[in-house]
Amino acid sequence: LRWPRCRRGKPRSSLPAGSQLPCFHGSSTIRNLKERFHMNMTEEQLQLLIEQMVDGSMRSITTKLYDGFQYLTNGIM
């Protein structure tokens, strides 16, 4: 598998200077964003995590319901 560029090298996490956007306020915003990329994991650990997440999603009733909704409303399957 090829991993996104965001996991290669040093992640970029700079905020626009003086941003007034509410999503950039608070000390946990950037930390939470970095956590989503699982930068503390090796490539092997990340691959296992992703496989587990996909497997869980495929068995999830909410995934099946959402897929049904998409099919009925947009013809997407």
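Helices (H or I, at least four residues) and strands (E, at least two) are DSSP runs, numbered from the N terminus. The model shown here is predicted, so local features need pLDDT of at least 70, side-chain atom pairs count only at pLDDT 80 or more, and totals for chains, interfaces and linings use all residues. Residues are numbered from 1 along each chain as its sequence is written, and side-chain values use heavy atoms, with hydrogens and water left out.

**View 1. The whole protein chain, an α-α-α run from the N terminus on.** You'll find 3 helices and 0 strands here. Of the 77 residues in the protein chain, 10% are buried; buried means under 20% relative accessible area, exposed means over 50%, and partly exposed is in between (1.4 Å probe, protein chains only). As for contacts (heavy atoms within 4.5 Å), residues 24 or more positions apart account for 50% of those with a separation of 6 or more.

**View 2. The loop between helix 1 and helix 2, home to His38.** Helix 1 covers 28-36 and helix 2 covers 43-59, and Met39 is found in the loop between them. His38 has a positive phi of about 50°, even though it is not a glycine. For background, most residues other than glycine have a negative phi. His38 counts as partly exposed because its relative accessibility is 25%. Met39 counts as partly exposed too, at 32%.

**View 3. A nonpolar patch on the surface, made by Leu33, Phe37 and Met39.** Together these residues offer about 230 Å² of accessible area, worked out by the Shrake-Rupley method with a 1.4 Å probe, where for residues only the protein chains shown count as cover. To join a patch, residues need over 30% relative accessible area and no salt bridge; like charges are joined within 9 Å, and nonpolar side chains (Val, Leu, Ile, Met, Phe, Trp, Tyr) within 5 Å. A salt bridge, in turn, is a side-chain nitrogen of Lys or Arg within 4 Å of a carboxyl oxygen of Asp or Glu.

**View 4. Tyr66 and Phe69 in helix 3.** A search of the whole structure turns up 1 aromatic pair. Tyr66 and Phe69 form a tilted pair, 6.3 Å centre to centre with 35° between the planes. Rings of Phe, Tyr and Trp (its six-membered ring) pair if their centres lie within 6.5 Å; planes under 30 degrees apart count as stacked, over 60 as edge-to-face and the rest as tilted. The two residues are 3 apart in helix 3, so about one helical turn separates them. Tyr66 is partly exposed at 49%, and so is Phe69 at 47%.
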